[in-house]
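These are my notebook entries on one helix and on the way two domains meet. I kept them in the order in which I looked things up.

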Amino acid sequence: MAELSGLKLEQRHGKSRVRVARVWRDRDGKHHFVEWSVNISLISDCLPAYVSGDNSDIVATDTMKNTVYAKAKECSEQLSAEDFAIVLAKHFTSFYQQVTAAIVNIVEKPWERISIKGQQHEHGFKLGSERHTTEVMVDKSGTLRLTSGIEGLSILKTTKSGFEGFIRDQYTMLPETRERMMATEVTASWRYSFESLSSLPLKPLYFTERYMDVKEALLNTFFGPSKEGVYSPSVQATLYEMAKAVLGRFPDISFIQLKMPNLHFLPVNLPSKDKPVIVKFADDVYLPTDEPHGTIQATLSRLRSKM
Ligand SMILES: O=c1[nH]c(=O)c2[nH]c(=O)[nH]c2[nH]1
């Protein structure tokens, strides 16, 4: 931030949607593959560029883009999106005197190794659905803010969901029920409690593993055991249980935000003039709709960090 004769300027500049894919080949012939879309945003001392057209303190956004490919090349071992974001952020804040902080976001495309006749393929992948995301902020002193997340996790259960006891007034038409469909598209983001570069875990692919484990904790809580499931009295209650499961299982996560739209499946009833009814809803025929849909979101954090 800079004061300019009674005016205040806050600025950052960067490059968005830098797409990079990287293959790592094991000695035994197995290939590992990732595809990332990288966003970089630099906070830097480059005021003259704004106020007098002097670009001498500017890191060109084209240079930022090229850095993504140069660093991808340098990473000779497979690494998580989080670790790649940290590599980039560390580079920008340490290499350029002008850069005071770097924010790097990555969205990983969900390429999954394919299995052919039950056997994992050495170099074949197919696109899955939900995406792994991360955002890293690093400043010159090595202070870190690390967030990871999931986007587009579409899940549905055909029973063990209800909604009762809500406020009723002259505008309330919704019947109470203990039997309905429950469907949502989860967006999650969670903050790790590592607050400096020097406190990061050294284990390779630590954050890739965590991502898989958090996803599993979210899914297990939403669905419950395979046979009997688990009853949900509302999206709100299920969201809270899911967030609690993540904080309960992972002490290095300090807070989690969940966004869980309520995607409705409306019961279909078709009345008839002659017969009593053409279609009488019996928990079987639905009209799926996401317009409009309920929006339910919450953030759960620890009052005191466990770390
Ligand atoms: O789980 C739900 N939460 C709500 O807040 C809500 N509101 C609504 O109309 N249906 C539902 N379902």
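Entry one, helix length. I was working with a predicted model, and I began with helix H4, whose 18 residues, 206-223, should span 26 Å at 1.5 Å a residue; I found its end C-alpha atoms 26 Å apart, which agrees with that expectation.

Entry two, the sides of the helix. I asked which residues of H4 are buried, and I noted Phe207, Tyr211, Val214, Leu218, Thr221 and Phe222. They cover an arc of only 105° around the axis, so I placed them on the same side of H4. I reminded myself that an α-helix has 3.6 residues a turn, so residues three or four places apart point the same way. On the other side of H4, I found Glu209, Met212 and Glu216 exposed.

Entry three, the neighbours. I looked up what the buried residues of H4 pack against, and I listed helix H3 (81-95), strands S8 (131-139), S9 (144-157) and S10 (182-192), and helix H5 (235-249). Just after H4, I saw that glycine 224 takes a positive phi of about 75°.

Entry four, the domains. I read in the domain assignment that the protein chain has domain 1 (1-142) and domain 2 (182-307), and I noted that their centres, taken over C-alpha atoms, are separated by 28 Å. I then recorded that 9 residues of domain 1 are in contact with 8 residues of domain 2. On the side of domain 1 that touches domain 2, H3 and S8 are the elements that give two or more residues, and H3 provides the largest share, 3 residues. I sorted the residues of that side into 1 nonpolar, 4 polar and 4 charged.

Conventions:
Residues numbered from 1 in each chain as written. Predicted model: local features only at pLDDT ≥ 70, side-chain atom pairs only at ≥ 80, totals over all residues. Helix = DSSP H or I, 4+ residues; strand = E, 2+ residues; numbered from the N terminus. Expected span 1.5 Å × (residues − 1). Buried ≥ 20, exposed ≤ 12 C-beta atoms within 10 Å, placed from the backbone. Arc of directions from axis to C-beta. Contact = placed C-beta atoms within 7 Å. Domains from an automatic or database assignment. Nonpolar A, V, L, I, M, F, W, Y, C, P; charged D, E, K, R; others polar.
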